[in-house]
Amino acid sequence: MKTLCFVLSASLVLVQAPARGLRITVIDVEGGGATLVVSPSGQSMLIDSGSPGDAAKRDSARIADAMHAAGLSKIDYLFTTHYDGDHVGGAPAANAVAHFDRFFDHGEMDPKWEQNRGIEERYAAYVEIAKGKRTIVKPGDTIPFGDARIDVVASNGAVISKAINGGGQTNPFCKDADIKPPNTTENSQTAGVLISYRRFTFLDVGDLTWDKEMALACPTNKLGRVSLLLATHHGFFNDQSGAGALLWAIQPRVVIANNGPRKGLGVPAFERIQKINNLEGLWQSHLALASDKDHNTSDDMIANLDASPDCQGHAIVVDAKADGSFLVTNTRNNVSKPYRAR
Ligand SMILES: [Zn+2]
Ligand SMILES: [Zn+2]
């Protein structure tokens, strides 16, 4: 009898052993930033928290939905890329649903960088909820994240000095690269991360600007190749981000644009993405209403076809495995596409 019990419980453990991998949910916050990452061992981090004011109710409800769908009742970390309203404005409302234990950001807000209006109140509200739980990150830092790994690649105007993720090769796209002058907005101070789970890699550098992308890409590509890219600045908003020399060197297999109905993913952004060698898929949070059909991805890979305020806020979910394979799902229509290990 004793032996049988042992056998039964052992097999139960096997059945229950989590087959789960790394989950990334690109939450639709109408052209803002809010991406939930959950490691296979259950650690969780929200990267940015959507917009302030009335929008914060909407965004925190969508953050709560993503959290519950991932099987969580709280989120361990909030990582704030920068202090523009569409990235940190929703932090107090998100904290009320996610009860963050720790907060990561690029450091003190410096008014010398041009910012969206209302920065003082937003920053004060953020500092208030983060008090005593705050960590300022530098390029080269790593953040403990269970069996996944988080490398900070940019922060407070600086980028990593040494290559990571197998990077470090001379980048052939630097030779004819478009150069843009140093950016003077808060976006240039963005803290960005490369999140790795064995052979799967995900780059989210918030609204990092063209000049800083060039510093990551040239003369050597410091980031190696990535599996998945969250298209910088909501799909290279107004071409302030999305330097081809970085984009084409890191060669993401799949790109997700967290664009809004009328924000990000303009025609030049769409065209630069199409030039990525061996691109396997582009997914969008929104149909880009100012672009024609040829400059949007196929409808079934777009999470939201309506303009706000009727938008239902559907998400794009990525489930990645240790072998580097991943599945991308549009929660609007449950269309999924697998991307094989390679
Ligand atoms: Zn933004
Ligand atoms: Zn911004």
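## A walk through the model, starting at Gln251

Select Gln251 to begin: you will find it in the loop between α8 and β13. This is a predicted model, so take the geometry below as computed from that prediction. Gln251 is not a glycine, yet its phi is positive, about 45°. Most residues other than glycine have a negative phi, and most peptide bonds are trans. Is Gln251 buried or exposed? With a relative accessible area of 9%, Gln251 is buried.

**Along the loop to Arg253**

Stay in the loop between α8 (244-250) and β13 (254-257), and pick Arg253. Arg253 makes a salt bridge with Glu280, and the closest N and O atoms are 2.6 Å apart. Glu280 sits in the loop between α9 (267-274) and β14 (281-286), so show that stretch too; the two partners are 27 residues apart, and the pair links distant parts of the chain. Colour both by accessibility if you like. Arg253 has a relative accessible area of 7% and is therefore buried, while Glu280, at 32%, counts as partly exposed.

**Two more backbone oddities**

Next, jump to His99, in the loop between α4 (91-98) and β5. Here is another non-glycine with a positive phi, about 50°. His99 has a relative accessible area of 46%, so it counts as partly exposed.

Then go to Pro219, in the loop between α6 (210-217) and β12 (228-230). What kind of peptide bond joins Cys218 and Pro219? The bond is cis, with omega about 0°.

**The open sheet**

Now hide the side chains and show the cartoon. Look for an open sheet of 9 strands, in the order β6-β5-β4-β3-β2-β1-β16-β17-β18, with mixed pairing. Its edge strands are β6 (134-136) and β18 (335-339), each of which pairs on one side only. From one strand to the next, the twist averages 15°.

Zoom in on the β18 end. Strands β16 (residues 316-320) and β17 (residues 326-330) run antiparallel and are joined by 5 bridges. To find your place, select Val317: its bridge partner in β17 is Thr329. Step across to the next pairing, where β17 and β18 are also antiparallel, again over 5 bridges. Val328 is a handy marker there, as it stands opposite Lys337 in β18. The hairpin of β17 and β18 has 4 residues between the strands, and in it Asn334 takes a positive phi near 60°.

**The β6 end and its salt bridge**

Travel to the other edge strand, β6, and select Arg134 together with Glu108. Their side chains meet in a salt bridge at 3.3 Å, N to O. Glu108 lies in the loop between β5 (102-105) and α5 and Arg134 in strand β6, so this pair ties together parts that are 26 residues apart in sequence. Arg134 counts as partly exposed because its relative accessibility is 24%.

How many salt bridges does the structure hold? There are 16. Another one to click on is Asp76 with Lys74, where the closest N and O atoms are 3.9 Å apart. Lys74 has 29% relative accessibility, so it counts as partly exposed. For something beyond a single pair, select Asp28, Glu30 and Arg62: salt bridges that share partners join these residues into one network.

**The aromatic stop**

Switch the aromatic side chains on; the structure holds 9 aromatic pairs. Start with Tyr83 and Tyr123. Their ring centres are 4.8 Å apart and their planes stand at 70°, so the pair is edge-to-face. Why does this pair tie together separate parts of the chain? Tyr83 lies in the loop between β4 (77-79) and α3 (85-88), whereas Tyr123 belongs to helix α5 (residues 119-130), so the parts they tie together are 40 residues apart in sequence. Both tyrosines, Tyr83 and Tyr123, are buried.

Widen the selection to add Phe100, Phe103 and Tyr126: with Tyr83 and Tyr123 they form one aromatic cluster.

**Last stop: a lysine over a ring**

Finish by centring on Trp210. What sits over its ring? The charged end of Lys180 does, 4.2 Å from the ring centre.

Conventions
Residues are numbered from 1 along each chain as its sequence is written. Chains are lettered from A and ligands numbered from 1 in the order in which they are written. This is a predicted model: local features need pLDDT of at least 70, side-chain atom pairs count only at pLDDT 80 or more; totals for chains, interfaces and linings use all residues. Side-chain values use heavy atoms; hydrogens and water are left out. Two strands pair if DSSP finds at least two bridges between them. Helices (H or I, at least four residues) and strands (E, at least two) are DSSP runs, numbered from the N terminus. Axes are lines fitted to C-alpha atoms, for helices over the stretch in contact, and angles run from 0 to 180 degrees between N-to-C directions. Rings of Phe, Tyr and Trp (its six-membered ring) pair if their centres lie within 6.5 Å; planes under 30 degrees apart count as stacked, over 60 as edge-to-face and the rest as tilted. Buried means under 20% relative accessible area, exposed over 50%, partly exposed in between (1.4 Å probe, protein chains only). A charge sits over a ring if NZ of Lys or CZ of Arg is within 6 Å of the ring centre and within 35 degrees of the ring normal. A salt bridge is a side-chain nitrogen of Lys or Arg within 4 Å of a carboxyl oxygen of Asp or Glu.
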